[in-house]
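Biologist: Could you take me through the surroundings of the ligands, slowly, since I'm new to this?

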Amino acid sequence: MDVRKELPEVFEEFGDARKTQFMVAKEIKDQGRPLVGTYCTYVPVELVMAMDAAVVGLCSMSDETIPLAEQDLPASLCPLIKSSYGFAKADKCPYFYFSDLVVAETTCDGKKKMYELMEEFKPVYVMQLPNTQDEDGFALWKNEVVRFKEKLEDFFGVTITEDAIRAAIRDRNEERQAALEIFELMKMDPVPMMGHDMFKVIYGSSFTFDRVLSAQQMRDMKTRILDEAEANRAKIGHRPRIIVSGCPMGGATEKVARIIEESGGVIVAFENCTGIKNYHRMVDESNPDVYEALAERYFKIGCSVMSPDTYRFQLLGEMIDEFKADAVVDMTLQGCHTYNVETYGIGHFCTEEKNVAYLHVETDYSTTDEGQLATRIQALLEML
Ligand code: SF4
Ligand code: SF4
């Protein structure tokens with residue numbers, strides 16, 4: 001008898017990884033290995049991996065602790081900041097609790113100021129991220145990468161060798177490659193899985209602390225998806241092909257992905273920080289200067305905190321072509337000024353330069369706008 005789990009069940013297991021991997025984080029701590037928490041895609045995790053520590057993304061994705069956060073923070077801040085602060089303050093997030101050090105970064109103003117408050121109850125280290133991706137900005141950033149390595153050495157009392165950094169670069173590149181191979185599957189039309197399921201695989205994998213195992217799991221997933229692709233593609237059929245862009249998605253905001261696909265579309269790619277943006281560039285393994293190689297890879301991440309945000313437009317343009325998208329849904333969070341302002345340029349870019357439809361939806365971590373979201377998304381899909 002084939003006792004293999006059904007594919008939808010496997011997707012759900014990945015989707016639940018944030019909850020189920022708590023115990024693994026505890027085991028890591030029990031073994032005496034450090035855990036480092038991060039809030040942003042710009043943090044070069046290879047440096048943490050190089051000291052045999054585990055690294056975990058801490059951005060919180062539920063509205064549960066927002067009222068608590070609003071006791072200290074303005075209600076008008078973006079829900080991602082409020083939720084992250086609220087979970088930290090309430091000590092409700094085991095990943096935060098187990099983190100020995102939290103790595104912050106000077107991205108948007110709200111986050112920057114929130115980290116100052118967070119320092120009251122957790123060791124926080126701030127990386128100074130430039131706002132412009134030019135030569136001077138790069139020099140500053142490379143210096144920050146070296147400074148971060150020195151901080152880790154000093155804080156944890158370890159020596160991080162260049163050989164260990166090179167090994168970490170190889171492992172993380174391999175994991176990125178495995179994720180990209182999953183993303184690539186969505187270039188098929190019809191697609192072999194729904195975009196929300198793909199999201200669960202990628203997001204869930206980020207909670208596998210062993211990066212080599214994470215790459216292996218994604219490769220196994222790819223094989224499994226390909227094995228069943230023929231039947232699933234026939235079942236799914238052709239649907240309007242959507243790229244989701246904008247603020248990071250996950251938890252409460254997955255409502256947008258669910259509504260797009262319940263309304264008849266399919267998400268062929270996520271451009272945001274919980275999607276391709278976090279995986280698509282490799283660290284150059286041939287560069288003898290490991291700090292320069294790391295700095296280059298992370299410096300070219302497109303984010304609305306950059307001015308101008310050249311790399312976001314570049315990546316989105318390439319993705320529209322490669323995934324043969326019909327439309328872009330730009331999901332922004334309330335209170336996120338940089339992404340909200342950038343919708344103007346992204347909208348024009350999509351409709352006038354790339355000739356695809358564009359919809360901007362601004363949301364938060366509540367469920368109160370689901371009806372309105374459904375109406376607007378259905379209207380977009382009918383138009384395609
Ligand atoms: S959207 Fe920008 S600030 Fe937010 S995690 Fe991504 S890179 Fe960092
Ligand atoms: S979503 Fe926007 S406001 Fe919120 S943390 Fe990210 S960049 Fe800052």
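Modeller: Sure, here's a walk around the ligands and on into one nearby topic, the strands that a helix links. This is a predicted model, so local features need pLDDT of at least 70 and side-chain atom pairs count only at pLDDT 80 or more, while totals for chains, interfaces and linings use all residues. Residues are numbered from 1 along each chain as its sequence is written, with chains lettered from A and ligands numbered from 1 in the order in which they are written.

Let's start with ligand 1. Around it sit Cys40, Thr41, Tyr42, Thr107, Cys108, Pro248, Cys273, Ile301, Cys303 and Val305 (near means a C-beta atom, placed from the backbone, within 6 Å). That shell has 8 nonpolar and 2 polar residues, but no charged ones (Ala, Val, Leu, Ile, Met, Phe, Trp, Tyr, Cys and Pro count as nonpolar, Asp, Glu, Lys and Arg as charged, and the others, Gly among them, as polar).

Now ligand 2. It has 13 residues around it, and Cys78, Leu80, Cys108, Cys247 and Cys336 come nearest. Two or more residues each come from α6 (79–90), α8 (109–118) and α17 (337–353) (helices are DSSP runs of H or I with at least four residues, strands are E runs of at least two, and both are numbered from the N terminus). By class, ligand 2's shell holds 9 nonpolar, 3 polar and 1 charged residues. Cys108 turns up around ligand 1 too.

Let's follow α17 onward. Strands β7 (residues 327–333) and β8 (residues 357–363) pair in the parallel sense over 7 bridges (pairing takes at least two DSSP bridges). The chain runs from β7 through α17 to β8 as a right-handed β-α-β crossover: with the strands pointing away from you, the path from the first strand over the helix to the second runs clockwise.
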